[in-house]
Structure formats: structure tokens, C-alpha cells
Amino acid sequence: MPLARTYSVALIGVNGQVVEVEADIANGLVGMILVGLPDTALREARDRIRAAIVNSGEEWPQRRITVGLSPASLPKRGSWFDLAIAIGILAAAGKVPRAAVAAIMFFGELGLDGRLRPVRGVLPAVAAAMDAGFGRVMVAEQNAAEAVLVPGVRVIAASSLTAAADWLRGLPGPDGGPAAAEFDGSQELSHARATGAQAAIGGEVSGGRAGRVSASDAAMAPDLSELLGQSMARRAAEVCAAGGHHLSLLGPPGAGKTMLAERIPTILPRLDTAAALEVTAIHSVAGTLPPQVSLLTDPPFLAPHHTATKAAIVGGGSGIILPGSASLAHRGVLFLDEAPEFAKDVLDALRQPLEAGEVVVARLGVMTRFPARFTLVLAANPCPCAKMAGPKEGCSCSPATRRRYLGRISGPLLDRVDVKIELEPVGRRELLSDRAFAESSRTVALRVVQARDRAAHRLRGTPWHLNAEVPGSELRRTWSPAPGSLAAVERSLERGQISARGVVKVIRVAWTIADLVGRARPTRDDCDAALGLWLGVRR
Amino acid sequence: MSRGMARLGEEKLARAALTYLAEPGDPALGALLEICEPAEVLAAIKANMLPGTGPGCGDSPAGRAALDRALGRWRVRLPTLPDDGGIANACREGIRLTCPGDPEWPDVLDQLRQARPYALWLRGNADLRFACSRSVSVVGSRAATGYGGHVAGELAADLAERGWAIVSGGAYGIDAAAHRGALAAEGITIAVMACGVDYPYPSGHADLFQAIAAQGLVISEWPPGCHPARMRFLVRNRTIAALACGTVIVEAGERSGALNTARHAADLGKPLMAVPGPVTSAQSAGCHRIIREWGATCVTRAADVIEMLSPLSVPDALAPGGLGPVFTPGSGPPGSGPPGSGPPGCGQAGSGAGSGSVPSRDDLDADTARVLDAIPTRGGAGTSTIAVGAGVDLDTVLRCLGRLAGYGFIERCDRGWRLRRP
């Protein structure tokens, strides 16, 4: 029977679904048809695969070839089905043993000369294959290091269609060794290095999304202690890192807003394996993984430019739907510098991910979900001219302009921000005084990890892990601070310095401060410290 | 000036109709109303006939011509004038009208003579005449700095706590801060609008106006539904100045509209006060000018304002505690410092709004007192500077600063933290 089955994976966002590729060779008009909702890139596969097979020295069956991708109702996009289809045709023609192809997931794009090209999204695809019970995957050599990140998988790294077919046939390669290297996670290091060194991932893949800054760049690793003279701001960053609170920074240019935001990832805990796999999968789909592929264990930091579009921030695009900055910042920091300059609809589009922790992009026939649980850091100048409201020669903004400028950040978005601070320009005296208090990122990160552990322990049995996630109603009902500890806060409320909603935020931040010092419940000291952070903005 | 009570119904309707026809502050109409009944004036306008003349009104050829022009001006709006039923309808939904001679009409407006409002539209629950009898207008720039907003709020709250009503406009900045301060102290506050009382302008203050109407009054010379216009704010300012016993300018630039209110207050012979600001601040330049050139009194706290107004205002019988439940019980005779109470935070959380239980400096714990001592009297200091000065660590200084800010000892400024005036 001239029918063969191979398997590949269709990606919807960062979720993969195993796709069965059936190749049938029958009598009839010579040609090849592809069925099962292929998109343009996939329909082009027909010509690519024919050229690849012929140029690899294999024989193209001069009969009618039907290739079906099922489930047929699932829209399939992308070029990585090439390998599965080509191997399926060879198996159907009897050139490759059918038994050898059955338990392997194929994932790769073919060049016209038969070379196997690397593609995006290997990590989530391999993870989906593992979940579906495939223990072995075959990918391009350059993708092998990424594929092997999935625990327990055996990876076959082939350089070309010839190598892949020879490996399946059990034939040796041209140099006498195995036609394709097979290895698993235990050999990860040596092979990842070996393949990584030659991994020249195509420019269109690693072109990178604008604004990504690698926090792991050891040569110039930023440190929190460099932010001298801004003790309040450093403390606010620590609180935000520990409680997962979103942060808003207001201040004139040069006060250190960007510097502070860039240093928040250095005090966030390193990602655990599950989180690191999530983050790496998102970056794999977006094609922003560095060539030296390894698991991304540092919290990502993304600072999109304020001209970014909605699709660039929350994800989207036609054809293959790509994650936006909000998802790339998953488990890390999304920094919106000059926040009022962002388009209003872009800012408002962030409300859904802030609420749900994921982005849902709906397109015809498919809903794509990307995780997006990030710490939002907003920075703004007090007014568009950024000269500070001073006497005549200073700020030239009209009152309406100033109001409108900060008013562009909508209320519902600001409602999600628990900590707001103002950075003032630093004087010499403050710089000198602050030397006694500057702590390194390491020291602070240690406290943050402990505080997060305490919060997680306290919140066990609830849907939440971080203080920032606890809703206000729950905070009032279950997690109220010690009696009498809100005296100053209430006095402040009476004086109109703080709103009722502000009180809830102070209590939420007070819990984080209590976690940081290891107290079981916020006391008056913690509430007053939280109030200090809240009143740290002129109004 | 008192008019026959029997004709009040007809007179009220006529005055309401006149608010639709003529812009407030029209001297021609003001002069006419001094010699004719409102109903006569209205009938004359409708009939396109010149009403009678009298002293100061059409008794010269030039005056007669001016009256002619005015008549044409008023008749332009005749087609848009609602009928009596429509006017009566406008008085529903919590909106009411008060006219000269009504029990609620504040007699102080009579000082405006020909520029006196024809009638006032009110929305809210407070009694206008009573509220105005002990009131201060707090006005200033829309582009208020943090300092100005803070001072206005504090001043208004302290005045309201001592039973003084606040009168102001409805704009952003100082006006809003003053209203909010008074509302926070559960005092009476009056917003004088330059448009209909049901028209929230600026719209960002719709909620604020709602809160003011619930606790105080939103009033206007313009009929409901009327839109604001640039000149109307200047016309409105004379009412703010006339209603209150005295006027405080908190922050005003060189060309601020608040200076127009100040000019009206000065013209009416009312006490004019100004809160000084940094001499480098353009936002306070107007305040400094009226202190220097117009002899405005420099005030820095509620006690200063009360001291300025009390001898000229109603007698002490109306002092807090001396009369019924209308006033929030004050914290003592005006001018005395806030009474010391128990140490802060010793279990008296939730002791009620406006109770005024401000801890004194002596009640603070040792660390907090040291931190307070380390905050410079002039200018501001950064957090770390204060910590070094007080000899405490960063955690301690942060919680002490929070506590001090919460109790109102200190505040944030553009150079860090600074002492707040008591």
C-alpha cells in the first residue's frame, strides 16, 4: 500500500498540536496536491519539497501524490511541515522504511538544495510532541540545542534531507559516522556547544524585535547600587519585585527613571524550570532567542519604543500570529518609558493582560493565547516639555497641556499600579549620604526571594502567589493588617491626602514590606512605610 | 429693597425668565430692575417697548440710546425663552431658584448694586444665606503647583472644621483643592459656576460637583442647561467675591483670573488675603503682587484668615459650638492650636473623620522625633540625607517619613521632604 504517515506539530501561539501528515501515491495525473487548510507558505511547500527531493538525489515519484494534513479543520501555517511531508513521500514511495518514521516528530523547513533550515517555535513544538508521547524529534542542526531543552526528549539533528533519509535507513553518513547526530538532555552541554558554535540562524529569524535588552549580559550587568541618591526609588523597586506590584515613576529627565527600571530584573528571582520553559517558548516563537540557545533563566526586560503599535505590544500579525512585547516580558519587566507618548489604544490594550495574565488574539478560525504575566513599569515626565514647572523661563506648557499629558494614561491602567514614586534630581549632599545605604542587587534579590517565599506560603490554598494579585475585597476581608496599625493612614484619609482606593494599595504594599522583613502581619511600622511610598509623590 | 410677598410667585418667574434673556451683570438691566418690577421689565421686553425711566436709567439721551440697544440685545433670545411651564420644570430635579427678598437670598449680594444677580439657580442641600454668613472664598490658578493645591486643601479643611463655608469656582487646581478640602472636613462648600448648575464644567469635575451638591451648594446666575463661555467666568467672579466675607488667593500667576476676583473683593471693600509662595514661582507672582500693590494681607493658615474676618463678620454668637448642629463641632476657639491628644496610633484607629486628633510633636516615638528633627526647616532634603542626619537606617527613615507625612508634619517637595507649616 503506497501510503505513509509521519507527524509534525502545528503551533497556535505557544501551544502545539500534533498534526498527522499522510502521503498517498496513486495512479493518475502526475502531480502533487496538498489538503488540510494549508496557508500560503505551506502551499509553496509543494515546489520546495519537489526541488529538495530531486536535488538530494532521490527519485520523485512520477505519479499522483496526495498529502493530507489532519486534523483537517485546524488552520496550518508556516514552513516547518516540509520535512514531515518530504519524509512521508519518501516513505510512501518505499525509499525509507515506514516503521522508522512512525515514532518520530519532524520539524524543519527544506531548502531547494535539500538543506534543512532552522525555524522558529521549536521549543513549544517539541514540548507538544513530548506531551503527545513522541520521544524522538528530528530537527535542523541549528535547532537541536533548543529542542533538547525539553526534558527527556531525544533529538535527531539532521543537516539535510539526505542525512535525514540516510539516518532513517540506517546508512552511515559521508564521513563514515552516523548520518545524523542523536542525543538527549544529558549530552546537552557538549552538543549544544558544538551545534551552537556553528548555529548561524538565518537573519530573518534572529533579526530580533526592537527594544529587547538582555539582562544577562554579564560584561555590563547593571546593579541596583549604581542608582545612588535615590533611596526611595530603590526601596520601591525592591517592594515591586517582591510583591509583583506594578510601578509608576514620575520625574524630570536624568533623574534615573530608565536606570531604575533596567535594574529591576536584577533583583527579580531567577526563573524556575517551568517558568523558564514558558519564557523560552515565547521567545522561540517570536524568533528572539539568541544564537547561543539555552534556557532563558533571567527575567526578561522589554522596553518598547513609544511609537510601538498595538500588535507590537500585545501580539498579532497576519498569517503566523507573533507574541508582542507584553508576552515577551512574561515573568519579567515591561518598561514603558515616556508612557504618555504611547498611543492611547496601545496603553488600553494592556488592561486585558494585566487583568488575566495572558493575551488572547482572535483571528478567523483560531484563538491564539500567549501568557503575559509581567511587572509593568511606567515612566513619565511631569509635562511634555520636561523642563519642570518653574518660573518664567522654565516650563512653557499650558495647564491644559499638562493635565492632558498625564491624563493620557487612563485611570483603569493606573488603578493596577500599586506603587507610584517621584524621582527628584539628586543633589551632592544626598549622593554622599546615600553611599551608606546603597545595596547591591545580590543583597536585595536575596530578600526578594525570601519575601516571595513567605507570600507564596501565606497565600497557599488561594489562586494567588503574589501580594499584587490579591484583590482589594479579599485584602479587606482576610488580610487586614494588625489592629491600630492604620492610624496614620486614616489620618491621611481624613485630610484628603489619600483616597479610599489608595488605602487598599497601601495595605497591599504593607503586606509586601512585612514579607520583606519577615513579619507575619503588617504592623504600624509597615503600614507607615507603605504610606511613605504612597505619599512620595507631590500632589 | 424688599418686595411684596404676595407677588413673589409672579416675580420669581419673571426673574427666572430674565436670567434666560440677559447676560448676568448687564448694567442696563440692573438699573431697570432698581426702578421697575421684574414682571414689568419682562412684559416690556416681550412687547418691544421701552419701560419707564428713572434716576440713573434712561434719564439722559445717551442713557436712553443705551437702553434701546439693550432692549434689542435681550429680544434676540426671546425665541429660545421657555414658557412658564418650562421654567417651572427647570426647578425640578433638585434645582431651585432664589431671588432677592427670598429667605435664602444672601443680602451681601446687594452690595453689587446694578451688577447684582437677577436671581440665583441653586443645586444642593445647604442654605445659601446661612452658609454665606460665615464664608471665605478660596480661589487661585488652575495650573496649581503641588504646593498650592496642598495649601488650598489644608486651608479649606481647617476653615470648614471651624464652621466656615468655602466659596470658590469649579475649575481645576486651587478651586478643586479647596472644595475637596472642605468636603473632606465635612464642611459646607459652595461652587459658583459660570454655566448652568446642571452642566458639569469642566466635565472632569462632574463627580466633584455631585459631591458638592450633596454636602454644600452648586450655584449659578445662568439658567440650567446654559454653556460656559470665556467672558462668563469674569462676570461670575464678582459673585464669588460678593458672597464671601473675605477672599483668599492661594496661587495666582501674573495674568490669573483669580486676580479678577481679588479686584472685585477689593472694590467691594472686603478683606483680601493672599498666601505667599516661593518668590521664584511664577504661579505665586500674582499673590505677591497683590500683597505689595493692593495691600492684600499675607495669610498662611486658617487661624490667620479667621483673625482677619472675625471682627468684620457676624458676631461670636455664631462661633462653633455656640449654635445648633449646622456646624461641625470645631476643635476649639478659632486661632488656638490643635489640641494634643493621645500618642499616635495607640489603638484609636478609625476615630472618625474630622475629629482633628492631631498628635503633637511631643507624642512621637523616639525614632520618629529624631527623623522629624533631621528635616531642615527651609528647603527640602532627600531620604538618605535625612536618615544620616537622624542616625537611623533606611527602613526606619521610610516608615517614620510615612508616619510624619500621614500626620501632616511633613510633605513631599521637589527637593525631597520638607516640614509642613503647622
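Two residues are in contact if their C-beta atoms, placed from the backbone, lie within 7 Å. Keep that in mind as you read these notes on a predicted model.

1. **A leucine to start with.** Find Leu18(B), which sits in helix α1, residues 8-21 of chain B. Which residues does Leu18(B) touch, leaving aside those up to four places away in sequence? They are Leu29(B), Pro38(B), Val41(B), Leu42(B) and Tyr118(B). Take one of these partners, Leu42(B): 24 residues separate Leu18(B) from Leu42(B) along the chain, yet their C-alpha atoms are 6.9 Å apart in space.

2. **Buried or exposed?** Is Leu18(B) buried or exposed? Leu18(B) counts as buried because 24 C-beta neighbours lie inside 10 Å, and the cut-off for that label is 20 or more. Looking at the whole of chain B, buried residues make up 52% of its 422 residues.

3. **How chain B is built.** You can count 16 helices and 11 strands in chain B. Among the contacts in chain B with a separation of 6 or more, 70% join residues that are 24 or more positions apart.

4. **A helix worth a look.** Now turn to helix α10 of chain B, residues 230-243. The buried residues of α10(B) include three arginines, Arg232(B), Arg236(B) and Arg238(B). The others are Asn237(B), Thr239(B), Ile240(B), Ala241(B), Ala242(B) and Leu243(B). What do the buried residues of α10(B) pack against? Within chain B, they meet the helices α6 (128-133) and α11 (258-267), together with the strands β3 (135-139), β4 (165-168), β5 (189-193) and β7 (246-249).

5. **Where the two chains meet.** In the model, 43 residues of chain A are in contact with 45 residues of chain B. On the chain A side, the elements that give two or more residues are α10 (231-243), α17 (399-407), α19 (428-434), α22 (487-494) and α24 (524-534). How do the residues of this side divide? There are 16 nonpolar, 9 polar and 18 charged ones.

6. **How confident is the predictor?** The average pLDDT of chain B is 82, and 85% of the residues score at least 70. Please read two stretches with care. Residues 1-8 of chain B stay under 50, and the model has 6 contacts for them beyond four places in sequence. Residues 312-356 of chain B are also below 50, and that stretch has 77 contacts in the model beyond near neighbours in sequence. For the complex, the predictor gives an ipTM of 0.72 and a pTM of 0.60.

Conventions. Residues numbered from 1 in each chain as written. Chains lettered and ligands numbered in written order. Predicted model: local features only at pLDDT ≥ 70, side-chain atom pairs only at ≥ 80, totals over all residues. Helix = DSSP H or I, 4+ residues; strand = E, 2+ residues; numbered from the N terminus. Nonpolar A, V, L, I, M, F, W, Y, C, P; charged D, E, K, R; others polar. Buried ≥ 20, exposed ≤ 12 C-beta atoms within 10 Å, placed from the backbone. pLDDT = per-residue confidence, 0-100.
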